[in-house]
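Let's take a friendly walk through a protein and the things it holds. Keep the structure open beside the text and look up each residue as it comes along.

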Amino acid sequence: MVNTAANAVTNVKLNKFEKFKAVKDGLDVKDELEYFAKIGWEAVDDTDLKQRLKWLGIFFRPVTPGKFMLRMRMPHGVLSSYKLRVLAEIVQRYGDEGSGDITTRQNIQLRGIRLEDVPAIFQQLQDAGMTSVQSGMDNVRNITGSPVSGIDADELIDTQGLVIKVQDMITGNGEGNYAFTNLPRKFNIAIEGGRDNSIHAEINDIAFVPAYREGTLGFNVVVGGFFSAKRCEAAIPLHAWVPPNDDVIELCRAILLVYRDHGLRANRQKSRLMWLIDEWGLDKFRAEVEQVFGQPLLSAAPKDEMDWDKRDHIGIHAQKQSGLNYVGLHVPVGRLQAEEMFDLARLAEVYGSGELRLTVEQNIIVPNIPDSRLETFLQEPLLKKFSIAPAPLTRSLVSCTGSRFCDFALVETKQQALGLAQLLDTELTLNQPVRVHWTGCPNSCGQPQVADIGFMGTKTRKNGKTVEAVDIYMGGKVGKDAHLGERVRQAVPCDELKDVLKALLIEHFNAEPQNGLVANGSTPG
Ligand code: SRM
Ligand code: SF4
């Protein structure tokens with residue numbers, strides 16, 4: 001089943017992205033990599049360089065020309081110490097001032113990569129069973145699942161195998177699959193098997209959420225969730241239920257084929273799945289999906305089982321396997337240096353089973369640590385930086401890439417976010433974590449709409465000058481009954497943010513100044 005741009009796109013006025021895809025599929029640059037590496041990035045055709053290479057996960061960074069970002073695929077956020085060490089070696093050997101960034105989709109992006117090194121890097125990745133294929137542009141992004149799948153005592157369905165099968169179906173087992181390289185736009189899939197909606201089901205184009213139907217455990221399906229600069233929507237029920245088997249893979253395939261062949265391609269701002277559902281109405285969309293699925297879709301279970309508040313997995317937690325623990329380490333704004341990646345790999349091997357898990361909060365979990373090894377583990381120097389008990393604001397901080405590497409950004413994010421959180425953690429006493437998310441522009445990669453307090457980069461005028469500023473979002477609810485937050489303030493200059501955030505924390509989250517007025521005498525945890 002080969003899709004070509006020609007058969008997917010008919011009778012529509014094409015936007016410029018559709019035009020270049022029609023000329024040459026993004027995946028075609030796979031065969032030209034050696035050549036590109038030889039001639040150097042300056043000589044590569046502009047569209048190949050800045051667009052098509054993203055089909056292989058290679059992102060030209062206008063902010064750091066010549067130093068590329070490599071976006072991996074980490075299905076379910078699960079990786080081995082061996083894989084992490086390979087990634088660390090790539091960052092260390094090839095990454096000029098490189099780093100590994102944990103993303104808001106449980107994934108890793110490597111920075112500082114040079115194009116001439118990519119063929120060798122791809123060989124290393126392939127040897128280690130990893131791929132970066134189809135991780136950018138009009139492809140399906142990293143597929144997410146509960147970061148404690150298989151080790152969570154309260155889990156309903158272990159979804160790891162399903163996530164890997166869906167990824168293999170979409171990417172042709174990591175080799176690249178032309179059936180899904182020309183979607184109208186990006187596409188997000190999540191499969192939740194736990195009770196706490198750990199992966200923000202509501203903001204994915206397709207999400208499977210655990211639900212009992214007539215006594216059988218499977219998934220209700222929601223569709224169409226997305227964020228974009230123009231519009232943000234929570235997913236809506238497809239009114240369908242599937243058992244936790246290959247039907248999940250086949251339903252993903254059916255929805256993707258309907259989207260590929262009928263999704264809107266004229267206006268790129270109106271191309272995500274929800275726009276097609278709007279245009280057709282849910283009934284027609286469901287009927288078309290059912291036809292491609294090849295059998296009637298079962299009606300949804302009356303309710304889903306996501307009935308917990310969201311956990312952040314930081315700290316020590318007993319696993320369902322008796323005598324074993326998983327320990328969530330806080331990685332400040334998700335940024336890892338090569339040495340830290342090596343050290344994490346070592347910790348996973350020495351204390352655990354050699355496995356690691358990534359979270360959508362950009363943190364890392366070391367699972368399978370026996371009770372008897374916990375105390376020694378906690379003495380490891382790396383845990384001073386990657387704490388198991390960070391202060392409340394730092395603990396729940398999430399940040400997108402921002403202006404350091406992303407040319408869409410209107411503000412610097414990661415450093416500013418961390419600096420502010422750490423400062424206010426010393427000035428305020430908070431008895432609860434407050435989830436603060438930063439995103440550098442309206443694309444919303446840092447998901448400010450799911451946060452207790454979200455900051456979205458913008459610019460404003462102050463004293464006759466253009467300065468960095470943020471719009472403020474509040475009211476995002478995660479876990480059970482998740483819903484999106486709303487913008488409550490516009491264009492607050494970043495240099496006024498400390499006072500503004502402090503006031504919000506005092507007014508809405510019972511924060512108390514640490515100046516002797518603290519009523520209960522507690523200190524930040
Ligand atoms: Fe994103 C584009 C980074 C998660 C919505 N995103 C970009 C680009 C590729 C823009 C660019 O070329 O510079 C950013 C790369 C910057 C860099 O150098 O790192 C970028 N997005 C990220 C990451 C790394 C943010 C992070 O620091 O964690 C996340 C990578 C996830 C992954 O592993 O694949 C990331 N992006 C998201 C999310 C959150 C999510 O999926 O839960 C969203 C909102 C949800 C959604 O997509 O519905 C998101 N990114 C966007 C958009 C707006 C999409 C739209 O429909 O308009 C863009 C712009 C675009 O696609 O045109 C974008
Ligand atoms: Fe870049 Fe904007 Fe996404 Fe941040 S939200 S990574 S600034 S595109």
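Start at Thr-401, where an N or O atom of the side chain lies 2.7 Å from an oxygen atom of ligand 1. Please keep in mind that this is a predicted model.

Which other side chains make polar contacts of this kind, with an oxygen atom of ligand 1? The side chain of Arg-111 has an N or O atom 2.7 Å from a ligand oxygen, and for the side chain of Gln-362 the value is 3.3 Å.

Now widen the view to the surroundings of ligand 1. There are 30 residues around the ligand, and those that come nearest are Arg-111, Lys-186, Arg-272, Thr-401 and Cys-445. Sorted by class, this shell holds 9 nonpolar, 12 polar and 9 charged residues. Strands S2 (68-71), S5 (108-113) and S10 (226-227) each contribute at least two residues to the shell.

Ligand 1 also contains an iron atom. Which protein residue is its donor? The only one is Cys-445, whose SG atom sits at 2.3 Å from the iron. Cys-445 belongs to the loop between S20 and S21.

That loop has another residue to look at. Gln-447 is also found between strand S20 (436-439) and strand S21 (453-462). Its phi is positive, about 50°, although Gln-447 is not a glycine. Most residues other than glycine have a negative phi. Asn-463 is another non-glycine residue with a positive phi, near 50°, and its place is the loop between S21 and strand S22 (465-474).

Are these two residues buried or exposed? Gln-447 counts as buried because its relative accessibility is 6%, under the 20% cut-off. Asn-463 counts as exposed because its relative accessibility is 74%, over the 50% cut-off.

Next come the empty spaces. Rolling a probe the size of a water molecule over the atoms shows where empty space is left. The count comes to 2 cavities of 30 Å³ or more. The table puts them beside the second largest pocket.

| Space | Volume | Nonpolar residues in lining | Polar residues in lining | Charged residues in lining |
|---|---|---|---|---|
| Second largest pocket | about 680 Å³ | 12 residues | 10 residues | 7 residues |
| Largest cavity | about 70 Å³ | 3 residues | 2 residues | 6 residues |
| Second largest cavity | about 40 Å³ | 8 residues | no residues | no residues |

The second largest pocket has a volume of about 680 Å³. It is lined by 29 residues, and Gln-126, Met-130, Thr-131, Ser-132 and Gly-174 are the closest to its centre. Helix H3 (33-39), strand S3 (78-80), helix H6 (118-127) and helix H7 (160-171) each give at least two residues to this lining. The largest share, 5 residues, comes from H6.

The largest cavity has 11 lining residues, and nearest its centre lie Thr-64, Lys-67, Glu-97, Gly-112 and Phe-405. S2 and S5 each supply at least two residues here; these two strands also supply residues to the shell around ligand 1.

What lines the second largest cavity? The residues are Leu-393, Leu-397, Ala-417, Leu-420, Ala-421, Val-436, Trp-438 and Leu-501. Helix H15 (414-427) and S20 are the elements that give two or more residues to this lining, and H15 gives the most, with 3 residues.

Note on methods
Residues are numbered from 1 along each chain as its sequence is written. Chains are lettered from A and ligands numbered from 1 in the order in which they are written. This is a predicted model: local features need pLDDT of at least 70, side-chain atom pairs count only at pLDDT 80 or more; totals for chains, interfaces and linings use all residues. Side-chain values use heavy atoms; hydrogens and water are left out. A residue is near a molecule or strand if one of its heavy atoms lies within 4 Å of it. A polar contact is a pair of N or O atoms within 3.5 Å; within protein, one must be able to donate a hydrogen and the other to accept it, and residues adjacent in sequence count only if both atoms are side-chain atoms. Helices (H or I, at least four residues) and strands (E, at least two) are DSSP runs, numbered from the N terminus. Ala, Val, Leu, Ile, Met, Phe, Trp, Tyr, Cys and Pro count as nonpolar, Asp, Glu, Lys and Arg as charged, and the others, Gly among them, as polar. Buried means under 20% relative accessible area, exposed over 50%, partly exposed in between (1.4 Å probe, protein chains only). Donors are N, O and S atoms within 2.8 Å of the metal (3.2 Å for Na, K and Ca); water is not among the atoms, so sites may look incomplete. On a 1 Å grid over the protein atoms alone, a cavity is a set of points where a 1.4 Å probe fits but cannot get out, and a pocket is an open set with protein on both sides within 12 Å along at least five of seven lines; lining residues have an atom within 4 Å of a point. Grid points are joined across faces, edges and corners, and a volume is the space filled by probe spheres set on the points.
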